[in-house]
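Thanks for making time this morning. I would like to walk through one structure with you, taking it a site at a time, so please have the view open as I talk.

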Amino acid sequence: MTEKEVLQKKLEELQKEYSKTKHNKATNVHLGILRAKIASTKKKMVERKSKKGRGFAVKKTGDATVTLVGFPNAGKSSLQKLLTSVDSKVADYAFTTLDAIPGMLRYNGASIQIFDLPGLIEGAHMGKGGGAQIASTIRVADLLVFVIDSGNPQNLYTLIKELNDLGIHAGRRRPEIRVERKNSGGIVVENPGHKVPDKQSVAKVLNEFGVYNCLVHFLSDSSEDELIDCLAENDAYIDALVALNKIDVNGSYMQVKAEIEGVTGMQVIPISALKKLNIEELKSGIFKALHLSRIYLKPKDKDPDYSRPLIVREGSTVVEVAKKLHSDLVKSLKYAYVTGKSVKFRGQKVGKEHVLADEDILTMVHQNN
Ligand SMILES: Nc1nc2c(ncn2[C@@H]2O[C@H](COP(=O)(O)OP(=O)(O)O)[C@@H](O)[C@H]2O)c(=O)[nH]1
Ligand SMILES: [Mg+2]
């Protein structure tokens, strides 16, 4: 047997045992360890793949990247066509087994790359081929938009599970757990005021990952699963929202929306790609979910350029904006003047580390002017 086959077999056996085990209080730790073993086996499989150089990266251009995820026929291609303009077609990408078709959405001055990614359901599972490629394409996204036929909402839960199996957690925050490896001292758990698994379970999980000495610092309430996710470092946490499509033919879509929001906590935007309903709301929802800020640059004694904002991540500082413009500008930057939501009055003088807000007007002052 090849190494790949050994890992595949081990994974199948673990998953079989996991599904056979009854879930109750007495089996909790055992199940947790099985999950840890499954996670570490998957991690080894992914590592094998990347060592062989088979992973590929999708080229990111623009200010952010969004991937449309959905079942065949959900309306991904129709939606992508509506969101992106034909004249902004980006260069073709060569994929070996699937086609991820990029397009560019221009919104609020931002260029947002939108991928239409067919094939998640058809060949997503690890080992079936294509799964690792799909996973690596999804991983580069800043936001996932699930395109769901409102007549088949259960498809969303299937997709979330498929992604989970690929180590991708859609619409979930990365658990705040710091694992500091040490040379001795055993497993030490710090959990100031947070609800976390008992020390014995924590130690068992860590041992499963080959860690015997470390400080585990829980910074939020965390489950055993989340500790496992954290140790299986290949896992990705990506924001997500739901475009609930085909509302033109489904009268009960508001009920479906409420149900999905209740179960997943994700924002749901009802649309019709065919009848072009609510597309502007979806664009705005995408922009908001990406947490981008528009910064209008104002040269000294001139008007700001409102037509071409600089697009940065929410929470960016003055010096980060300078860096994005040109690395040379960082060194000469002295201070700045800001008008907008991040300051108390117009033209307020701020330092390099000042955190900017969406639609701030910024004038940078450099050493040589
Ligand atoms: N009634 C209705 N049909 C739609 C809507 N959006 C897409 N469709 C239809 O659904 C079919 C599949 O659409 P397509 O965009 O190719 O889906 P994809 O497989 O996810 O890319 C096509 O026949 C579309 O015309 C919608 O909002 N309402
Ligand atoms: Mg399509």
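The lining of the second largest pocket divides by class into nine nonpolar, three polar and eight charged residues, and I should say at once that this is a predicted model. The space in this second largest pocket comes to about 530 Å³, and of the 20 residues lining it, those closest to its centre are Asp-142, Ile-238, Asp-239, Ala-289 and His-291. Which element gives the largest share of that lining? The answer is strand 9, residues 236-245, with six residues.

Let me turn now to ligand 1. There are 15 residues around ligand 1, and the ones that come nearest are Asn-73, Lys-76, Ser-77, Ser-78 and Asp-248. If we sort that shell by class, we find six nonpolar, six polar and three charged residues, while the largest share of the shell by element, three residues, is supplied by helix 3, which spans residues 76-83.

For those of you thinking about individual atom pairs, a backbone N or O atom of Gly-75 is placed 3.0 Å from an oxygen atom of ligand 1, and a backbone N or O atom of Ala-74 is placed 3.3 Å from an oxygen atom of the ligand. From a side chain, a polar atom of Lys-246 lies 3.2 Å from an oxygen atom of ligand 1. How much of the ligand's accessible area does the protein cover? Taken on its own, ligand 1 has 580 Å² of accessible area, and the protein covers 72% of that.

The last stop is His-217, which sits in strand 8, residues 214-218. Its side chain makes a polar contact, at 3.5 Å, with the side chain of Glu-190. Leaving aside residues up to four places away in sequence, His-217 touches Glu-176, Ile-177, Arg-178, Glu-190 and Pro-192, so Glu-190 appears both as a polar partner and in that list of neighbours.

Key
Residues are numbered from 1 along each chain as its sequence is written. Chains are lettered from A and ligands numbered from 1 in the order in which they are written. This is a predicted model: local features need pLDDT of at least 70, side-chain atom pairs count only at pLDDT 80 or more; totals for chains, interfaces and linings use all residues. Side-chain values use heavy atoms; hydrogens and water are left out. On a 1 Å grid over the protein atoms alone, a cavity is a set of points where a 1.4 Å probe fits but cannot get out, and a pocket is an open set with protein on both sides within 12 Å along at least five of seven lines; lining residues have an atom within 4 Å of a point. Grid points are joined across faces, edges and corners, and a volume is the space filled by probe spheres set on the points. Helices (H or I, at least four residues) and strands (E, at least two) are DSSP runs, numbered from the N terminus. Ala, Val, Leu, Ile, Met, Phe, Trp, Tyr, Cys and Pro count as nonpolar, Asp, Glu, Lys and Arg as charged, and the others, Gly among them, as polar. A residue is near a molecule or strand if one of its heavy atoms lies within 4 Å of it. A polar contact is a pair of N or O atoms within 3.5 Å; within protein, one must be able to donate a hydrogen and the other to accept it, and residues adjacent in sequence count only if both atoms are side-chain atoms. Accessible areas come from the Shrake-Rupley method with a 1.4 Å probe; for residues, only the protein chains shown count as cover. Contact means heavy atoms within 4.5 Å.
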